[in-house]
Amino acid sequence: MTPAATSPLRVLVVDDYPDDRALVARELAQELPGVRIEEVGDLEQLDAALERGPHDLVITDYHLQWSDGISVLREVKARSPDCPVIMLTGTGSEEVAVEAMKAGLDDYVLKSPRHRVRLPAAARLALERSRQRRSERDAETRYRELFETVPVGIYRSTPDGTFLDANPAMAAMLGFPDRDALMAVRATELYVDPADRDQWQAVVERDGVVRDYEVRVWCRERRVIWLRNTAR
C-alpha cells in the first residue's frame, strides 16, 4: 500500500495591491513548501473565492478600497468558522486589533519589513491552533457519543449531590423517563441509607477513587435496587 496523498495547503491572500499580495505569497512559499496561494483584489473576486472554498488560512489587509479587514474576517468566519484569519496591515491601531480579535481574528501583523518577517511563523501558529481546535471538538464529539450510548450508567455530581450530567443508561436504570428528570433530583436522595452516601464520600475524599461500592438506592417508583458504584 502507498501512503495517501496529502492535500496542499490552501491560503487566500486579500489585498488591493498586487505587489503586496506577491510579497506575501513569496514569503509563505519559502516557509510553507507546497502551499497553494489564491490572490484576490476586489469584492467580486473575494466572493468567488469564498464560494469555491474551503481555505486553510486567510490573510487580509485591513484598509481595502472596497471593504476592510474586519468585514473580510466576518465574511470568512460566517462561511468557515474554523478557518484561521491573519490581518496584515500598514496602518493598524490597538482599537482595530481589539475589535478584530473579538470577531475571531487569529493574529495581527504589521506590514513594515521589521514586523512582516514574522508572518510565516504567525501562519504556522494559526494553522496549528486551528488543527488543535478541530481535534478537541472531534474528541468531544466522540466522547459524547460514547457517553450517550454506552450501556453503563455514568454521571457527574457535586459533593453535595447535585447532578451535573448523566447519561440515558443512568436515567433508565433508576426508572426515570429521561436525563432531565433524573437531573431534577439530588444523588443524596437516592440512597436508601444516607450513611452509605457519607461512607462512600469519605472514601472518595480520602483515596481519590472508590471501586465497586455496593449500595442500595431508590428507583423513581420507590423500588429498591442494588448498584455497584465506581467513582473518582
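Biologist: How many residues apart are Y143 and F147 in helix α6?

Modeller: Four, so the two are separated by about one helical turn. Keep in mind that this is a predicted model.

Biologist: Fine. And how do the rings of Y143 and F147 sit, as an aromatic pair?

Modeller: They're tilted, with 35° between the planes and 5.8 Å from centre to centre.

Biologist: Are Y143 and F147 buried or exposed?

Modeller: They split. F147 is buried, at 2% relative accessibility, whereas Y143 comes out at 39% and counts as partly exposed.

Biologist: How many aromatic pairs does a search of the whole structure find?

Modeller: Two. Besides the one in α6, Y155 and F163 form a pair. That one is edge-to-face, with 80° between the planes and the centres 5.8 Å apart.

Biologist: What about F163, buried or exposed?

Modeller: Buried, since its relative accessibility is 5%.

Biologist: While we're on rings, which residue lies over the face of W218?

Modeller: R222 does, at 4.0 Å from the ring centre.

Biologist: OK, switching to the sheet. What's the strand order?

Modeller: It goes β2-β1-β3-β4-β5, an open sheet of five strands with parallel pairing.

Biologist: Which strands stand at the edges?

Modeller: β2 (36-40) and β5 (107-110). Each has a single partner strand, so one side of each has no neighbour in the sheet.

Biologist: And by how much are neighbouring strands turned against each other?

Modeller: By 20° on average, ignoring direction.

Biologist: Take the β2 edge. How many bridges join β1 to β2?

Modeller: Five, with the two strands running parallel. Within that pairing, V13 stands opposite E39 of β2.

Biologist: How many of the residues in β1 are buried?

Modeller: Four of its five, which leaves the strand mostly covered.

Biologist: Now the other edge. How many bridges join β4 to β5?

Modeller: Four, and those strands run parallel too; β4 covers residues 85-89. L88 faces V109 of β5 there.

Biologist: Which strands does helix α1 lie across?

Modeller: α1, residues 18-31, lies across β1 (10-14), β2, β3 (57-60) and β4. Its direction is at about 170° to β2.

Biologist: Back to α6, then. Which strands does that helix lie across?

Modeller: β3, β4 and β5. Helix α6 takes in residues 119-149 and runs at about 160° to β4.

Biologist: Any helix packing worth a look? At what angle do α3 and α4 pack?

Modeller: About 5°, and their axes are 10 Å apart. That makes α3 roughly parallel to α4. In sequence, α3 is residues 69-79 and α4 is 94-102.

Biologist: Which residues make the contact?

Modeller: On the α3 side, I70, L73 and R74; on the α4 side, V96, E99 and A100.

Biologist: Last one, K111. Where is K111 found?

Modeller: In the loop between β5 and α5, the latter being 113-116.

Biologist: A loop lysine, then. Is K111 buried or exposed?

Modeller: Buried, because its relative accessible area is 17% and the cut-off for buried is under 20%.

Biologist: What is K111 in contact with, leaving aside neighbours within four places in sequence?

Modeller: Three aspartates, D15, D20 and D61, plus L88, T89, G90 and R116. You've met L88 already: that's the β4 residue opposite V109.

Technical notes. Residues numbered from 1 in each chain as written. Predicted model: local features only at pLDDT ≥ 70, side-chain atom pairs only at ≥ 80, totals over all residues. Heavy atoms only, no water. Pairing = 2+ DSSP bridges. Axes fitted to C-alpha atoms, helices over the stretch in contact; angles between N-to-C directions. Contact = heavy atoms within 4.5 Å. Phe/Tyr/Trp six-rings, centres within 6.5 Å; stacked < 30°, edge-to-face > 60°. Buried < 20%, exposed > 50% of the residue type's maximum accessible area, 1.4 Å probe, protein only. Lys NZ or Arg CZ within 6 Å of the ring centre and 35° of its normal. Parallel < 35°, antiparallel > 145°, perpendicular 65-115°, else oblique.
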